[in-house]
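This briefing covers three topics: salt bridges, disulfides and the internal cavity. Please read it with the structure open.

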Amino acid sequence: MTSTNRWLLAGFALLCIYGSAESKRYSFKCPSGCSCSKETIICVGTSQIPRTIPAEFNSLSIVNGSIAEITEGMFSLMPSLQLLLLNANSLTTIKDDAFSGLPHLEYLFIEGNKIETITKNSLRGLRDLTHLSLANNKMRFLPRDLFFDLDSLLELDLRGNSFQCNCENKWLMTWLKNTNATVSDVFCAGPNEMKGKRLNDLPIPPGECISTDFVRHQSIPIQSMSADIFFFKEDIYVAMAAPNSNSCVVMEWDHIEMNFRKFDNITGKSVVGCKSVLVDNHVLIIVTQLFGGSHIYRFDDQQNKFTKFQTIEVFNISKPNDIEVFQMDSVWYFIIVDSSKAGMSTMYKWTDQPDRNETGFFSYQFLHEWFRDTDAEFVEEDGKSYLILASRSQSPVIYLWNKSTQKFILHGEIPSVDDVVSVKAFRLEGELYLAMTCYIGDSKVLKWTNKQFTEVQPLPSRGAMILQPFTFTDRHYLALGSDYSFTQIYLWDAETKTFHKFKDIYVQSPRSITAMSTDRRNFIFSSSFKGKSMVFEHIIVDLSL
């Protein structure tokens with residue numbers, strides 16, 4: 001083939017290619033309701049977005065339309081766009097990856113719409129975007145890191161929105177202070193005390209947007225009357241009184257699986273109480289029963305289980321209820337509270353005299369005859385030791401330890417509190433308080449003032465069986481457990497000096513709530529009389545996320 005012929009064939013091929021391109025260019029039909037010029041498409045009053053446009057168009061404007069939302073990849077077949085304007089439409093939502101497939105987009109204007117929701121990843125991939133306007137919409141919050149991918153952003157317009165200057169926009173306040181882009185003034189629309197202030201002028205106090213929550217961590221298929229957490233040789237155990245299975249179930253914390261697993265089972269008859277005490281490097285568990293007497297079990301290292309150590313004298317106990325363990329002057333005591341009309345709450349003292357064959361706990365003092373006691377709480381205040389006994393038949397009474405006689409003597413009572421089923425002591429800001437659970441009427445928070453307890457806050461609590469105080473770091477809680485409703489968690493307000501309702505958690509018929517911390521995590525363990533015992537984790541929540 002001659003050189004001339006080759007040039008003729010090449011020229012013909014180029015002509016065919018050019019003609020094909022021109023044919024495609026001029027065969028494009030401008031969408032209905034739109035006007036098309038050399039590089040620009042402008043649509044007015046349309047209800048649809050063009051599906052695709054030729055590569056030579058780099059600007060698309062849709063105004064006064066009736067488009068409700070921008071969904072994923074809606075413009076993905078328009079990769080040549082450098083400007084996209086979506087003003088004065090009916091947009092309410094922009095979803096994730098709404099502008100994916102637009103690698104060259106530099107100008108994005110979405111003004112004068114009704115946008116309330118814009119998702120975190122809606123602007124993802126717009127690395128060449130230099131100008132963005134979301135002005136005059138109805139946005140109250142922007143999701144954290146919305147502008148993360150906008151590496152080239154030079155100008156941002158957020159005017160005319162209803163931004164709330166609270167925790168949910170904390171990240172935006174921080175971003176406005178640090179960005180190199182030029183941003184129009186953004187003003188707070190609320191709350192009332194912030195209204196009219198500029199977002200980027202507001203201080204951001206550390207910790208203000210940190211809260212907490214309680215999330216279910218473990219469900220244990222054991223019905224129990226009580227749960228006592230104890231520590232031994234760097235391990236954590238819980239002793240659960242399970243009357244339906246006639247046993248005291250001991251469970252051990254698994255530091256790998258991060259939950260409780262069964263360790264031992266102490267068989268009994270109608271077990272109503274299990275309480276641990278560590279005496280002279282011995283782990284003892286006091287087990288009270290409705291029938292068959294009450295006993296103390298000691299952990300046997302060789303058998304790796306609890307074995308019977310002592311039978312408790314219970315001549316004057318007809319219906320054991322609570323067990324309270326305490327120490328005075330390096331001597332261990334415990335009291336078994338009797339809730340019958342024919343028994344007496346009895347205090348026991350640890351004695352270690354092997355030469356006289358007397359090593360164990362022996363009855364030491366009888367307290368509060370014939371009053372259907374329900375709970376006991378030992379407290380120390382002003383260098384004195386007190387024992388508070390709650391009752392369903394009369395007001396709670398206070399005993400004072402007499403150092404001369406080495407006995408408790410009646411000191412007084414707490415008036416105007418009836419039908420108390422539980423009493424727990426706790427301290428807040430150096431002050432002594434009591435949480436008293438009432439089955440009928442309001443439960444009460446009392447404060448030790450002028451050598452007596454005075455009511456400071458009632459808590460509605462029909463059917464309540466436990467009002468348990470506990471603390472994690474600097475947050476103080478009360479857990480109010482009832483047979484008729486969710487367990488209510490209250491949080492202490494240091495300004496008002498009162499507890500405020502914080503959260504509900506579900507435990508069926510709770511009977512005890514115990515706090516524990518391990519592996520830098522915090523938990524509460526709740527026993528359940530009619531359902532599964534539950535473990536909840538106390539977690540930190542950043543409200544600005």
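Is Arg124 buried, partly exposed or exposed? Arg124 is partly exposed, as its relative accessible area is 38%. The model is a predicted one. It has 20 salt bridges, five disulfides and one cavity of 30 Å³ or more.

**Salt bridges**

- Side chains of opposite charge can pair when their charged atoms come close.
- Arg124 pairs with Asp97 in a salt bridge, and the closest N and O atoms are 2.7 Å apart. The two residues are 27 apart in the chain and link distant parts of it: Asp97 sits in the loop between strand E6 (93-94) and strand E7 (107-109), and Arg124 in the loop between strand E8 (117-118) and strand E9 (131-133).
- Asp97 is buried because its relative accessible area of 15% is under the 20% cut-off. Its partner Arg124, at 38%, is partly exposed.
- Lys275 and Asp228 form a salt bridge with an N to O distance of 3.8 Å. This pair also links distant parts of the chain, 47 residues apart, with Lys275 in strand E17 (residues 271-279) and Asp228 in strand E13 (residues 226-232).
- Lys275 has a relative accessible area of 23% and is partly exposed, whereas Asp228 is buried at 10%.
- Glu537 and Arg521 meet in a salt bridge at 2.8 Å, N to O. Glu537 belongs to strand E39 (residues 533-542) and Arg521 to strand E38 (residues 521-528), so the salt bridge ties together parts that are 16 residues apart in sequence.
- Glu537 is buried, with 12% relative accessible area, and Arg521 is partly exposed, with 27%.
- A network of salt bridges links Arg127, Asp149 and Asp151.

**Disulfides**

- When the bonded cysteines of the protein chain are numbered in sequence order, the pairing reads 1-3, 2-4, 5-7, 6-8, 9-10.
- Cys30 is joined to Cys36 by a disulfide with an S to S distance of 2.0 Å. The torsion about the S-S bond of Cys30 and Cys36 is about 85°, so this disulfide is right-handed.
- Cys30 is partly exposed, at 26% relative accessible area, and Cys36 is partly exposed as well, at 31%.
- Cys34 and Cys43 form another of the disulfides, with sulfur atoms 1.9 Å apart. Here the torsion about the S-S bond is about 100°, so the link of Cys34 and Cys43 is right-handed.
- Cys34 is buried at 16% relative accessible area. Cys43 is buried too, at 0% relative accessibility.
- Cys165 and Cys188 are joined by a disulfide, S to S 1.8 Å. With a torsion of -95° about the S-S bond, the link of Cys165 and Cys188 is left-handed.
- Cys165 is in the loop between strand E10 (155-157) and helix H2 (170-178), while Cys188 is in the loop between strand E11 (182-183) and strand E12 (210-220), so their disulfide ties together parts that are 23 residues apart in sequence.
- Both ends of this link are buried: Cys165 has a relative accessible area of 6%, and Cys188 has 5%.
- Cys438 is a further buried cysteine, at 2% relative accessibility.

**Cavity**

- How many cavities of 30 Å³ or more does the model contain? The count comes to one.
- The largest cavity holds about 40 Å³ of space.
- Its lining is made up of Phe230, Phe232, Tyr237, Phe263, Val283, Phe299 and Phe306.
- By class, the lining of the largest cavity has seven nonpolar residues, with no polar and no charged ones.

Notes
Residues are numbered from 1 along each chain as its sequence is written. This is a predicted model: local features need pLDDT of at least 70, side-chain atom pairs count only at pLDDT 80 or more; totals for chains, interfaces and linings use all residues. Side-chain values use heavy atoms; hydrogens and water are left out. A salt bridge is a side-chain nitrogen of Lys or Arg within 4 Å of a carboxyl oxygen of Asp or Glu. Helices (H or I, at least four residues) and strands (E, at least two) are DSSP runs, numbered from the N terminus. Buried means under 20% relative accessible area, exposed over 50%, partly exposed in between (1.4 Å probe, protein chains only). On a 1 Å grid over the protein atoms alone, a cavity is a set of points where a 1.4 Å probe fits but cannot get out, and a pocket is an open set with protein on both sides within 12 Å along at least five of seven lines; lining residues have an atom within 4 Å of a point. Grid points are joined across faces, edges and corners, and a volume is the space filled by probe spheres set on the points. Ala, Val, Leu, Ile, Met, Phe, Trp, Tyr, Cys and Pro count as nonpolar, Asp, Glu, Lys and Arg as charged, and the others, Gly among them, as polar. A disulfide is a pair of cysteine sulfur atoms within 2.5 Å.
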